[in-house]
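Here are my notes for your review. Please read them with the coordinates open.

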Amino acid sequence: MGKLASVAEALLTPHGVDRYLELIDPMLVRREVRGRVTAVRRQTSSTLTLTIRPSRAWRGFSAGQYVRVTVTIDGVRRTRCYSPACSQYRPDGQLELTVKAIDDGLVSGYLHRHAEPGMVLGLSEPDGTFGLPDPRPGHVLLISGGSGITPVLSMLRTLADEDHPGQVALLHYENEPADLPYRAELAELVAGRPNFRVRFACTMTERGGDLHGFFSRAHLDEVAPWFGEAETFLCGPVPLMDSVRKDYADEGLGERLHTEEFTPPAFAAEAGEVTGQVRFARSGKEFANTGKPLLEQAEDAGLRPEHGCRMGICFSCTQVKTSGPVRNLRTGEVSAEDNEEIQLCISAPCGDVEINA
């Protein structure tokens with residue numbers, strides 16, 4: 001069968017078998033992963049939970065990883081990154097993605113308006129290093145806020161499926177009780193597991209949660225007094241992550257804290273770097289360097305480069321830099337190599353730069 005498929009692939013070049021199979025049914029493609037939505041539910045007014053059956057090219061994921069989800073909007077393919085919230089051992093092999101609506105969010109808004117059973121999405125292979133080590137730690141503390149719950153929820157469900165014998169706790173933050181997701185499912189998960197604990201905290205109200213107010217050492221002591229002996233996994237908004245990092249640093253526990261963040265890197269141009277001209281060769285656009293990331297400068301100049309996450313994860317904005325030095329805003333490294341692929345969203349020019357776009 002594999003040999004026949006290879007022969008067919010050669011005969012159908014340049015498009016290949018997948019392009020023709022896609023016309024019949026997108027789920028039949030062999031070399032790319034697709035996913036068909038089988039269920040849609042709205043846990044809160046701002047979240048949408050999709051159950052997705054991946055195509056046969058899917059090889060599974062590890063709890064904590066993310067996948068790139070692609071949808072076509074007005075004829076343009078758009079990509080965003082979402083972490084599965086289900087256990088990596090889910091018996092039916094389906095994925096569960098919870099998408100939080102973002103103000104002016106192109107993809108999240110589209111999914112909230114249009115997702116329904118039968119919709120087919122593009123999926124990548126799983127990626128990311130945020131996850132549970134093997135062998136598992138004795139005790140595990142999971143801290144999250146907002147949409148950051150999805151990767152740590154996958155870890156919690158995975159540990160439950162493994163009948164993990166150590167202490168496991170989840171501490172999750174939302175603004176108000178109405179924003180709290182998965183309450184019923186998590187109550188059921190911890191029932192009968194005395195070593196598992198889940199606590200919800202509401203930051204903007206004094207009622208409706210198990211805890212109230214922003215993250216504090218008191219919350220930590222309440223939920224996991226054994227946190228000093230645990231490995232902690234953290235995902236959420238910047239203020240929450242900064243607070244947790246500070247507490248762990250003060251306790252000398254920085255090496256026990258593992259983080260994932262889906263926020264654009266903080267940007268501040270280095271002194272003396274805001275010089276030179278930026279040229280997008282194929283479009284013929286040239287303008288003075290403002291020091292911003294190249295994606296933002298291109299958009300300010302009226303260009304519309306393809307992009308997705310805007311934070312260096314999805315690689316949708318990758319272009320070839322034909323010449324000039326740029327700083328990678330995630331690593332701080334400067335590269336002046338010619339004909340180099342760069343990500344526009346996390347690359348800032350450090351002088352004259354030309355992009356082949």
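The points below go from the whole chain to single residues.

1. Overall make-up. This is a predicted model. The protein chain holds eight helices and 20 strands. Of its 357 residues, 50% count as buried. Take the contacts between residues at least 6 apart in sequence: 64% of them join residues at least 24 apart.

2. The largest nonpolar core. Which residues touch the most other members of this core? They are Leu142, Leu156 and Leu186, out of 25 residues in the core. Two or more residues come from each of β7 (140-145), α4 (149-161), β8 (168-174), α5 (183-190), β9 (196-202) and β11 (231-235). Helix α4 gives the largest share, seven residues.

3. Leu142 in detail. Leaving out residues up to four places away in sequence, Leu142 touches Val152, Met155, Leu156, Ala169, Leu170, Leu171 and Phe233. Leu156 is thus on two lists: it is a contact of Leu142, and it is named with Leu142 and Leu186 as touching the most other core members.

4. A second core. A separate core has 24 residues. Among them are Leu50, Val67, Val99 and Leu111.

5. Helix α3 and its cover. Helix α3 spans residues 106-114, and its buried residues are Val107, Ser108, Gly109, Tyr110, Leu111 and His112. Leu111 also belongs to the second core. What lies over these buried residues? The cover includes strands β1 (33-44), β2, β3 (67-73), β4 (76-82), β5 and β6 (120-123).

6. Strands β2 and β5. Strand β2 (residues 47-54) runs antiparallel to β5, and six bridges join the two. Within β5, Glu96 is the residue opposite Thr51. Strand β5 covers residues 95-100, and five of its six residues are buried. Both strands are also part of the cover over α3.

7. Thr49. Is this residue of strand β2 buried or exposed? Thr49 has a relative accessible area of 2%, under the 20% cut-off, so it counts as buried. Its side chain makes a polar contact of 2.8 Å with the side chain of Gln43. Beyond four places in sequence, Thr49 touches Ala39, Val40, Arg41, Gln43, Glu96, Leu97, Thr98 and Tyr182. Glu96 therefore appears twice here, as a contact of Thr49 and as the residue opposite Thr51.

8. Tyr182. This contact of Thr49 lies in the loop between β8 and α5. Its phi is positive, about 60 degrees, although Tyr182 is not a glycine. Tyr182 is buried, because its relative accessible area is 2%.

9. Asp163. Here is another positive phi outside glycine, near 50 degrees. Asp163 sits in the loop between α4 and β8. Is Asp163 buried or exposed? Its relative accessible area is 61%, so Asp163 is exposed. Tyr182, by contrast, is buried.

10. A cis peptide bond. The bond from Asp134 to Pro135 is cis, with omega near 10 degrees. Pro135 is in the loop between β6 and β7. Please look at this bond together with the two positive phi values, at Asp163 and Tyr182.

11. A five-strand sheet. The open sheet has the order β14-β13-β20-β15-β18, and its pairing is mixed. Which strands stand at the edges? They are β14 (285-288) and β18 (340-343). Each has a single partner strand, so one side of each lacks a neighbour in the sheet. From one strand to the next, the twist averages 30 degrees.

12. The β15 and β18 pair. Strand β15 (residues 318-323) and β18 run antiparallel, joined by four bridges. Gln319 has Ile342 of β18 as its bridge partner.

13. Cysteines. How many disulfides are there? The count is zero. Cys202 is at 0% relative accessibility, so it counts as buried. Cys350 is buried as well, because its relative accessible area is 17%, under the 20% cut-off.

Technical notes: Residues are numbered from 1 along each chain as its sequence is written. This is a predicted model: local features need pLDDT of at least 70, side-chain atom pairs count only at pLDDT 80 or more; totals for chains, interfaces and linings use all residues. Side-chain values use heavy atoms; hydrogens and water are left out. Buried means under 20% relative accessible area, exposed over 50%, partly exposed in between (1.4 Å probe, protein chains only). Two strands pair if DSSP finds at least two bridges between them. Contact means heavy atoms within 4.5 Å. A polar contact is a pair of N or O atoms within 3.5 Å; within protein, one must be able to donate a hydrogen and the other to accept it, and residues adjacent in sequence count only if both atoms are side-chain atoms. A disulfide is a pair of cysteine sulfur atoms within 2.5 Å. A nonpolar core is a set of buried Ala, Val, Leu, Ile, Met, Phe, Trp, Tyr and Cys residues joined through side-chain atoms within 4.5 Å. Axes are lines fitted to C-alpha atoms, for helices over the stretch in contact, and angles run from 0 to 180 degrees between N-to-C directions.
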